[in-house]
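Q: Please take a close look at one part of this model and at what surrounds it. Plain terms will do.

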Amino acid sequence: MNALRTLAALLVLLVLAAPAQLVSVQRIRLTFAQEYSFSVNSSIEYIFDFVPKDDEGAWPTRLWVRSSGGEPAQPLLLTARQRSGALTWQLPYLSASGRYTFYELTRTLCYDAYAVNAVDSPDCADDSALAVRGAFSLHVSSACRSSVRLDMRATPLRDWRLPFQSDHRFAVDQTSPRAYLYEFLEGQDHVRLVIASDDDTCATVSVQNNSCPVGESLAEEKRRSLRMSMMRSGAVQLARSQFPHGFFVVALVEESDVACTGDDAGEPEHEPEWLWEATFNEAEVDAVAHVDPLSRRKNFTVTVAAALTRAQYAVASVVALAVFLVFYVAFLVLVLAQRFSLCKPLVAPKAVLADTTSENGVEGTDADGADGAAGVDSRARRHRRRRRDSNATLDSCDDSNSDEEPPAAPTDAGAAARFIGGDGDREQPQTAEASPTPFGLPAKLNVAALARRHTRTLIARSDRYLSTLFTVAVFYALPVLQFVVTFQIILNVSGSLDLCYYNFLCANPAGGLSDFNHVFSNLGYLLLGMLFVIQVRRRRSRRRRRPRHEEYGIPEHYGMLESLGVGIMVVGVLSASYHVCPNRLNFQFDTAFMYVLMVLSMVTIYQSRHPDINARAHATFGVLAVLIALVVWGVIGGNAIFWAVFTVLHIFTILLLSLHIYYVGQFTLDKHGLTEATRGLRELPAGGRPLYGARLALLLIANAVNWGFAVYGMVTMATDFAGHMLYVLLCNTFMYMLFYLVMKLLHGERLRWYSWLFLGSAVATWAPALYFFMYGSTEWSTTAAASRDLNHECKVLRFYDAHDLWHFLSAMALYLSFNALLTWDDGLSAVKRTDIAVF
């Protein structure tokens, strides 16, 4: 019985051990640079020892493997084991999206830099074939009983080092990424990596530390590398401090162009058809497509070039600073020149000064020239106290805490007395017969009729623009700074170069900034804006010491002019903040105060001839808030519905403003206002001629241009709505300045020579500035890869590109334009306001 029990137990053990005995392990020694084929199934496992000959072990190894069949559910498992680590893959394998199945792959195996030391170590001594430097073993197994043919080849990668300042060309397909090493030369701290391609196939390029294993898949790249998507262009500046032992450049072709174009409709273009067939003909259509890896192949040219030195950084920065300091030097020269009697008449227009001893003004010369500098008359240091008229009334539009004085009683008789030039405050005519013209307006308007409020009231209204601008700027800029600093930190931590839309071919980092030159080039806005504020402040202080007669010249509005200078400075701060990390999430930082400047410029021009009926600060900034909200909506959701709404609002606003301007602020959107405006259009006086012909001509041209912009926007529905809005405001501002200049000349008003100089210089500066703005080196409204294709090399001092030149030139153009606004009415200082036309 015992013998039978022993026999039965042995039989059971044999049965249980039978499956294990079916798997055989074969170890085969192979050589490099030769292709091998083997059949693999679940009954056999291979260990292939690749042993290099001669100097083959001194180079990394490119391992290529391909299977003739199989399924991703039961793939071949491959493990490459080196002395310094192991890598595992499977064949076949699914793409990242799961759409495609790939049956071959190529991977780079680092050479074993420590193999010699390991062999010499007595604790790790190894006499096997793998002790040879560069040797590795490939373990292959399968869980499928069906046999699958495996082809493989190991090749030493002899050209894996990138040369310095020499092009290196190679091709990459979907299953064969490429990795190349660059090691910094002696004394080299920074280099520029430039990558180019001649086709639009989407690829991802990463920069990794010189360590093994090399990450040659999307998942590995995202974990530990700088990376960018690209089609035709890519670049980045790298420092030895980031990669002390050098870096790998790894190129990988994407399975589709979605990552570069952002459009997956048509990728594949038969996707709707595929979904239809998969739903209704499931048995006839495979859910996963078999793809020829060569169908997406991309050629690369990689160049490692020298980066700028600290001396070149210093030269570029000092040159830019010196250009803007020239404006300060010119300002000081003019101030000093005014102290000489020969120069003083050239920059000191005649003005009628207020009499400090009587109610009558006396003529004298005021030294407010091109920069507002002049000698000081000791007798004008005493300020005359102004007493309110006994019959003055409180302006109903003023707040209870206003520091403005109530308006003085009208002094002009006739038609001008039919209305009060306040913000909508007017006395209606008794009957239509008593008012032959709409709203009782006179046929010829003069500044005296629209400047009947006290000077202190007008100054307070003007200064309120400045205080409001300061408030808005502070509350807007502080969160912006925090926001963009966070973006820079995320870029540094994540390594994704697609986060910020730099001109990578001309992005020179410094400190914690990845794009120092585009931040620094905004210095011009700060310096020239500050200089303009100094000029306006100097004019204002001179005016206070030498007050002018209130019945002569254009009413002062220095608060609004100062707000223009401060606005230039805020534009510089916000533009610099935007360029810390430009993208579609912070686009409005770069344009918001450009809108403010354009609107304030138009309001300032209008204020010159319409001081009593000019828009209040809170109303102007309220309109700007709505405008910026529309811009945000247009960029985030600029679909057909938005463009329809915006077009209607654009046209309606232009029509409403046209009526308000034509009827000198007396038109209101109510029954009376509409009735009066309709009557004015129906019953044209003077034989069919309009009441204000020049004003009507301007408004017709402005309406035609704005209708053109509206139609163009509706037809194209451009994705860059922020740029579209900026063009609209710029064009309207330029038109208004041109109109104002033409009307001055038509009314016989002459400009001082320095005003012509400012205007001519502004035109000469705006032309190239707008050219460089249109030139474009990035485009935030598209994808990062498409924006990168617009990148171009630096144009000036190897440091500044076209957009930097836009910063420099636009800062100068704004400064010169605002100086023209400041000085072009200097010739009217000794002209009575009753003789100054309104247009």
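A: Helices here are DSSP runs of H or I with at least four residues, strands are runs of E with at least two, and both are numbered from the N terminus. The model is predicted: local features need pLDDT of at least 70, side-chain atom pairs count only at pLDDT 80 or more, and totals for chains, interfaces and linings use all residues. Residues are numbered from 1 along each chain as its sequence is written, and side-chain values use heavy atoms, with hydrogens and water left out.

The part chosen is helix 14, which runs over residues 640-662. Its 23 residues should span 33 Å at 1.5 Å a residue, and because its end C-alpha atoms are 33 Å apart, the expected and found spans agree (the expected span is 1.5 Å times one less than the number of residues). After helix 14 comes valine 664, with a positive phi near 55 degrees.

Helix 8 can be set beside it. Helix 8 covers residues 455-494, and its 40 residues reach 58 Å from the first C-alpha to the last, close to the expected 58 Å. Glycine 495 follows helix 8, and its phi is also positive, near 80 degrees.

Which residues of helix 14 are buried? They are Phe642, Trp643, Phe646, Thr647, His650, Ile651, Ile654, Ser658 and Tyr662 (buried is under 20% relative accessible area, exposed over 50%, partly exposed in between, with a 1.4 Å probe and protein chains only). An α-helix has 3.6 residues a turn, so residues three or four places apart point the same way. The cover over the buried residues of helix 14 includes helix 13 (617-636), helix 17 (693-716) and helix 18 (721-746) (contact means heavy atoms within 4.5 Å).

Helix 14 also has a part in the largest pocket, which holds about 1,500 Å³ of space. On a 1 Å grid over the protein atoms alone, a pocket is an open set of points with protein on both sides within 12 Å along at least five of seven lines; in a cavity a 1.4 Å probe fits but cannot get out; lining residues have an atom within 4 Å of a point. Points join across faces, edges and corners, and volume is the space filled by probe spheres set on them.

The largest pocket is lined by 42 residues, and Val599, Val623, Thr653, Leu657 and Ile661 are the closest to its centre. Helix 12, helix 13, helix 14, helix 17 and helix 18 each give two or more residues to that lining. Helix 14 supplies the largest share, eleven residues. By type, the lining of the largest pocket has 29 nonpolar, eleven polar and two charged residues (Ala, Val, Leu, Ile, Met, Phe, Trp, Tyr, Cys and Pro are nonpolar; Asp, Glu, Lys and Arg are charged; the others, Gly among them, are polar).

The structure also holds five cavities of 30 Å³ or more. The largest cavity has about 210 Å³ of space. The second largest cavity has about 110 Å³, and its lining includes Leu726 and Leu730. Helix 12, helix 18 and helix 21 each give two or more residues to this second lining. That lining divides into ten nonpolar residues, one polar and no charged.

Last comes confidence. The chain averages a pLDDT of 79, and 77% of the residues score at least 70 (pLDDT is the predictor's confidence in each residue, from 0 to 100). Confidence is highest in helix 9 (residues 516-520), at 95, and lowest in helix 5 (residues 271-280), at a mean of 40.
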